[in-house]
Amino acid sequence: MKIDLNGITKIYKSENMQTTAVADVNLSMAEGDKIIIIGESGAGKSTLLNIIGCIERDYEGKYCLDGTEVRTLKRKKKAQIMNEVFGFVFQEYALVEDDTVYENVKIPLLYGEVRKSDYRARVKEVLEKVQLEQYIDKKVSEMSGGQRQRVAIARALVNRPSIILADEPTGALDKKTAEEVMDILYEYADEKRILAIVTHDLQRVKREGAKVIKMEHGKIQG
Amino acid sequence: MLNDIWLGIKDIWNEKWLALCYILFFLNMMFIVVSTTDSLYREKMEIEQQKAQDYKKFETYVIGMQPEQPEEFLKNLSDIYQKNAFSYCHVQLQAKTIGALDTYIVFGDVPKKLFEKKLEKNVSILVGSGLAQIREITVNGKKYKVDSVIKGDTEFTTLDNATEFTDNKVFIIISEPQILEWVSPENYDVMYQLVKNTQILSKDKDRETQFLRNVNTGFLDVKKEKPKDTEEIAFILKFIDPFLVIILLSCMLCTTLILNGMIKKRIREFSLHLIHGALLTDIFIRVVTFFVVILLISTGIGIFLGIIQLEELWFYALLETGIILIFAGILTPKLKRQNYSLNLRDGGVI
């Protein structure tokens, strides 16, 4: 899997003003790459991550995923890529509070090729990786912040994606839990997958071999 | 798709109070709509029927104890019913084996539409299907063979606006009546019934005048029946169709508002699914399932409680499809405009 961003610009328009979130970004990532994007709030880190994850639409420039320009993809194909290629981790966990761990983790499976009868086994397997297998039927509203983030990671990994996009994955966690969460992500990413992390806190997420990119006013510095 | 349907059903459970409120709202609304429009439409139909009728009816009030000359009174009535007019009275005939029989004695020139069976004899006896075992009946000591068994209802049942079943009734139809042979001149109740139930062909004005002259004695006060469409009713009926449309539109609007609340609440979850590979179609199916199941439950309860009649189901199917389509029309562009990642951060705003 290869990511190529060429001249990517994203401008948010409102009635009275325009805000350039990402300005002329060029970036390439290949299998095994671990990239940490840092920068101040409003630097465009999350927007860039969302463009990579096909969440953000209406940008300028050329974004190719494995040689195919994402903009040309049909809605159905794009949804399939979001389901199979990407695993998303968000700062505020983004879990369905009313549901159990199982219900939350299986969301990506609902739209993929995995058979319904295999859902539980797949969820169990990934929960073992994040050491939450005993909580499979517990409501996420009854879990701690660290446990919730691990549920979110399990959801990101359940479809065995080749690209992990994590937006402030340790933002709401204490130091020890943050390290555990990062260990899980790095262990999964190994040498075959791409890991892109947006963070304020470089110290907590940095590991050996990870490349750091600094963004300022929507641009990549240096 | 099955997953989407299942998620839609799960949403009902998660939003059970909203769903319950909606079901109650829907049933209430239907109850108001159905009862109001039903009675108004009946009124409208009655007026139209009245206008279209070939026969004139009369309002009859008892003002005295008895006619001055009862025999003359009945003889005059017999003359009236010879042509273009008829009437009937309701009596109980005593049968040895099965007790009292509900009997209608119909005198006169009976319109063909009232009884399907061709009436050729001067005295025809018809019985309802529940009395099919009766072969003959005796009236005033004279035996009459039963001519025919009525299958189903006849138009006769609507004559006095009573939608009674004809199953257990006997009809004696006398086409060239000599009422005195059938009715005692002392039976003032039957006389009153005959006058009250008289119908005269509208175009036969002379007969009408003659009838009114004969019956307006010290015993009865008889007037031509007033047309029902007074100004007030006419005003209401004029606006019944727009009224119905307004009610339906407000029903749809309320539905949209209530369920928009549900979408607002769940937009974060929908965004999450869209980020993980769901298509807008999946969300659409999910929301439509939510709607359809709630509407089906409401309709089911409505049928169970008798608010909704089975033959009116097409109307509800149409209404519910309308509601779903309107809502889908609102939902789809809203979902398309969403910033999914922002929804995950802020809890979602639609």
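**Salt bridges and the interface of chains A and B**

Visitor: Is B:Lys143 buried or exposed?

Guide: In this predicted model, B:Lys143 has a relative accessibility of 59%. The cut-off for the exposed class is over 50%. Because 59% satisfies that cut-off, B:Lys143 counts as exposed.

Visitor: Which class of accessibility applies to B:Glu136, with which B:Lys143 meets in a salt bridge?

Guide: The side chains of B:Lys143 and B:Glu136 come to 3.8 Å, N to O, and the rule for a salt bridge asks for a distance within 4 Å. B:Glu136 has a relative accessibility of 39%. Because that value lies between the 20% and 50% cut-offs, B:Glu136 counts as partly exposed.

Visitor: Which residues are joined into one network by salt bridges that share partners?

Guide: The network draws on both chains, and chain A is represented by A:Asp98. The residues joined with A:Asp98 are B:Asp11, B:Arg266, B:Glu269 and B:Arg286.

Visitor: How many residues apart are B:Arg286 and B:Asp11?

Guide: The side chains of B:Arg286 and B:Asp11 meet in a salt bridge, at 2.7 Å from N to O. B:Arg286 belongs to helix 8 of chain B and B:Asp11 to helix 1 of chain B, so that the pair links distant parts of the chain. Both B:Arg286 and B:Asp11 are buried. Their separation along the chain is 275 residues.

Visitor: How far apart are the closest N and O atoms of B:Lys10 and A:Asp99?

Guide: Across the interface of chain B and chain A, the rule finds three salt bridges. One of the salt bridges in the model pairs B:Lys10 with A:Asp99. Their closest N and O atoms are separated by 2.9 Å.

Visitor: Which element gives the most residues to the side of chain B that touches chain A?

Guide: Seven residue pairs are in polar contact across the interface of chain B and chain A. On the side of chain B that touches chain A, two or more residues come from each of helix 1 (2-14), helix 7 (240-275), helix 8 (280-305) and helix 10 (340-346) of chain B. The element that gives the most, with seven residues, is helix 7 of chain B.

Visitor: What area do chain B and chain A bury between them?

Guide: The contact involves 25 residues of chain B and 28 residues of chain A. Carbon and sulfur atoms account for 53% of the buried area. Between them, the two chains bury about 2400 Å².

Technical notes. Residues numbered from 1 in each chain as written. Chains lettered and ligands numbered in written order. Predicted model: local features only at pLDDT ≥ 70, side-chain atom pairs only at ≥ 80, totals over all residues. Heavy atoms only, no water. Contact = heavy atoms within 4.5 Å. Buried area = accessible area lost by both parts, 1.4 Å probe. Polar contact = N/O pair within 3.5 Å; in protein donor to acceptor, adjacent residues only side chain to side chain. Helix = DSSP H or I, 4+ residues; strand = E, 2+ residues; numbered from the N terminus. Buried < 20%, exposed > 50% of the residue type's maximum accessible area, 1.4 Å probe, protein only.
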